[in-house]
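Reader: I have the sequence and the model open side by side. Could we go through some local features, and then the larger parts?

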Amino acid sequence: MSAIGKQPVSVETFDREVDYLVAGAGPGGMTTALVGKLEGMDVLLCEKSDQIGGTAATSAGSLWIPGNSQSRDAGFDDTVEQGEIYMDALVGGETNRTLRTAYLQTGPEAIDYLMARTDVQFIPCGLHPDYQSNRPGAAKAGRAIVPKGFDGRLLGKDFERVRPPIAEFMVFGGMMVGKDDIPRLLGRFKTVGNFIYSAKLFARYLKDRMSFTRGTRVVMGNALVARLFYSLRKANVPILFGARIIELIKDETGVAGAVIEQGSMKIRVRARKGVVLATGGYGHNKEFREEFMPQPIPYLSLAAGTDTGDGMSIGKQFGARIAPEEHGSGAFWTPVSITRRKDGSKGLFPHLSLDRAKPGLIAVNKAGRRFVNEGASYHDFVEAMFETNKLSPTIPAYLICETAFVRKYGLGAIHPGTRDLSSFEASGYITMAPTLRQLASKMGIDPQGLDASVARHNGFAVTGPDLDFGKGDTELNRFNGDARNKPNPCLAPIMSGPFCAMEVWPAEIASSTGLSTDENARVLNTEGQPIGGLYACGNDMASIMAGTYPGPGTTLGPAITFGYRAALHAAHSGPPDAERPKLKIVS
Ligand SMILES: Cc1cc2nc3c(=O)[nH]c(=O)nc-3n(C[C@H](O)[C@H](O)[C@H](O)COP(=O)(O)OP(=O)(O)OC[C@H]3O[C@@H](n4cnc5c(N)ncnc54)[C@H](O)[C@@H]3O)c2cc1C
């Protein structure tokens, strides 16, 4: 039986003593550990798996930071005030007001701090619209930042400690490709510049593979966690691997420390200034999934396998408050298709931004009816699946297009430019048929419904506006559409067979229900009072977004900002050590 979630134990003896004990080496935990150390605390970071990075290692790595100075320096004029107008329009009222304000005010400062004092470096995304781009205060550009690519060779052998990205996001079995690389790689035979660029990437990758199990040129979320890890090493922060937090230790003022299980050892660690729960949320905790997510849905999660809700279980046992009613459907969602890998295993491919908004694709349900603006954000797309499913089966939903669309734009894990689709059809990843009727019958979709939906959509593609769902109306739609397509960059007729269908399912990229905290990430008890010495950040902390998804970086922005705030609070505002009872330290 798991030791997680047993009753808190009381103070007797300790094996180790530090100022700040952090559980979980994802972006939340690594940020707070790093800032804690730079603020003068003696820090210990423990990580349950053998690698750092958690879910973030597989993420796109975007951070949503309104008013960030990196974008301003690059000439974009977003402000914290505009960000506040947007969040007010989205979240509304007083829900999480104090936390929202703290987030908006500290986000830019946290990034500047990391930029100035560590190797955690960011660059502005430039054009990257907010996800509800029709709302007041929404930005078209200048709000999202991404980590600078990182050279994994700087970590030496420790590069293998960085959790790799999703297999489907790498090419040649281990080479990372960023969004900017895609057009150059696809157009490698079109210009000399592209050819040289692609050849250099490939040559570097081949060289890497002589010493490493994958390419060391890392980008996106992998670069973020590798940079945090590199900075932690430079700052001499000890990391215990294969070490999980299993219990909190109580004293008169709250939390005195925690028990860490490493192999067969149980290490009782005293934490003079605080314990941080940053164990990545509850993605792989079946009970919490059933309690907090819409039901029934299949158990499909993009969270790291080690994110099993430990922080929430431990916090709850200690009397912490969890407030699901404030967090919508309990998670941040994306539609996924289920890939079949060469070794027979299955993978989840998140349909984040590359295919759904493109012209010539619709999403329908079992009745063959459209139910959403296909170019909406991944989160809003799945929320529409949940909503429509209450009335008519919409889980799974089906992406419908011509096979010519797949060759041109790609579909899920099928790269643009793929000519031969037969292996994808043979594995069941896509279904193809010469007519829409035959396609519908193969997929079990109502054929008349599909015919009618395609005909109506094709009419909009000719006249321009999508009168049913507004595909092409928002900045976000147009950003992910195809500007060359007229009159609507997101609509083109679906007319010529063979046609293609792909099933998509809801899966979460992050959980949003978590431990309630104050604006300094201090965990609150069921009376709303901070529990002394206990902090939470990353997805262990309840999302401040109240079930909404404002833009690219909705979870990593807060993970880093509140990790930063927790460390500053613990380092400078915690109770003086003299207030704590005298404890017996066992060496
Ligand atoms: C495909 C994809 C793309 C995404 N893109 C973005 C994006 O661009 N922007 C964005 O904001 N979000 C994005 N996300 C979501 C983002 O990755 C997560 O919200 C984020 O990683 C959460 O950070 P965390 O530190 O809470 O958890 P994690 O990154 O999951 O790290 C948690 C760590 O805690 C460890 N752990 C678990 N239990 C214990 C224990 N008991 N003791 C010690 N350690 C423990 C885990 O092993 C893990 O290493 C994306 C997610 C996916 C899947």
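Author: Since this is a predicted model, every value here is computed from it. A place to begin is P396, which is found in the loop between α10 (378-389) and β19 (397-402).

Reader: What is omega for the peptide bond from I395 to P396?

Author: P396 belongs to the loop that runs between α10 and β19. The bond that leads into P396 from I395 is cis. Its omega is near 5°.

Reader: Which residue is joined to P498 by a cis peptide bond, and where is P498?

Author: P498 is placed in the loop between α15 (475-480) and β21. Omega of the cis bond is about -5°. The residue joined to P498 by this bond is G497.

Reader: Which residue has a positive phi although it is not a glycine?

Author: The place to look is the loop between β9 (170-171) and β10 (175-176). A phi of about 50° occurs there, at a residue that is not a glycine. That residue is F172.

Reader: In the hairpin of β16 and β17, which residue takes a positive phi?

Author: Strands β16 (residues 331-340) and β17 (residues 346-350) run antiparallel and are joined by 5 bridges. R340 has K346 in β17 as its bridge partner. Between the strands there are 5 residues, and the positive phi, near 95°, is taken by G344.

Reader: Why is one side of β5 and of β6 left without a neighbour in the sheet?

Author: The open sheet has 3 strands in antiparallel pairing, in the order β5-β7-β6. β5 (63-64) pairs with β7 (residues 144-147) over 2 bridges, and L63 of this sheet stands opposite I145 in β7. One side of β5 and one side of β6 (122-124) are without a neighbour because each strand stands at an edge and has a single partner strand.

Reader: At what angle do α4 and α16 pack, and how is that arrangement described?

Author: Two packed helices are described by the angle between their axes and the distance between the axes. The axes of α4 (residues 97-117) and α16 are 9 Å apart, and the angle is about 85°. Angles of 65 to 115 degrees count as roughly perpendicular, so α4 is roughly perpendicular to α16.

Reader: How do the residues of the contact of α4 with α16 divide by class?

Author: On the α4 side the contact includes A102, Y103 and T106. On the α16 side, G557, P558 and R565 are among the residues that take part. The division is 7 nonpolar, 4 polar and 1 charged.

Reader: How far apart are the centres of domain 1 and domain 3?

Author: Domain 1 is made of 9-146 + 223-328 + 512-585, while domain 2 covers 164-221 and domain 3 covers 331-508. Contact involves 20 residues of domain 1 and 19 residues of domain 3. The side of domain 1 that touches domain 3 has 12 nonpolar, 7 polar and 1 charged residues. Taken over C-alpha atoms, the centres are separated by 35 Å.

Reader: Which element gives the largest share of the shell around the ligand?

Author: The ligand is surrounded by 42 residues, of which G24, G26, G54, G280 and G538 are the closest. Elements that give two or more residues are α1 (27-38), β13 (243-251), β21 (499-511) and α16 (556-573). By class, the shell has 16 nonpolar, 21 polar and 5 charged residues. The largest share, 3 residues, comes from α1.

Key:
Residues numbered from 1 in each chain as written. Predicted model: local features only at pLDDT ≥ 70, side-chain atom pairs only at ≥ 80, totals over all residues. Near = placed C-beta within 6 Å. Helix = DSSP H or I, 4+ residues; strand = E, 2+ residues; numbered from the N terminus. Nonpolar A, V, L, I, M, F, W, Y, C, P; charged D, E, K, R; others polar. Pairing = 2+ DSSP bridges. Domains from an automatic or database assignment. Contact = placed C-beta atoms within 7 Å. Axes fitted to C-alpha atoms, helices over the stretch in contact; angles between N-to-C directions. Parallel < 35°, antiparallel > 145°, perpendicular 65-115°, else oblique.
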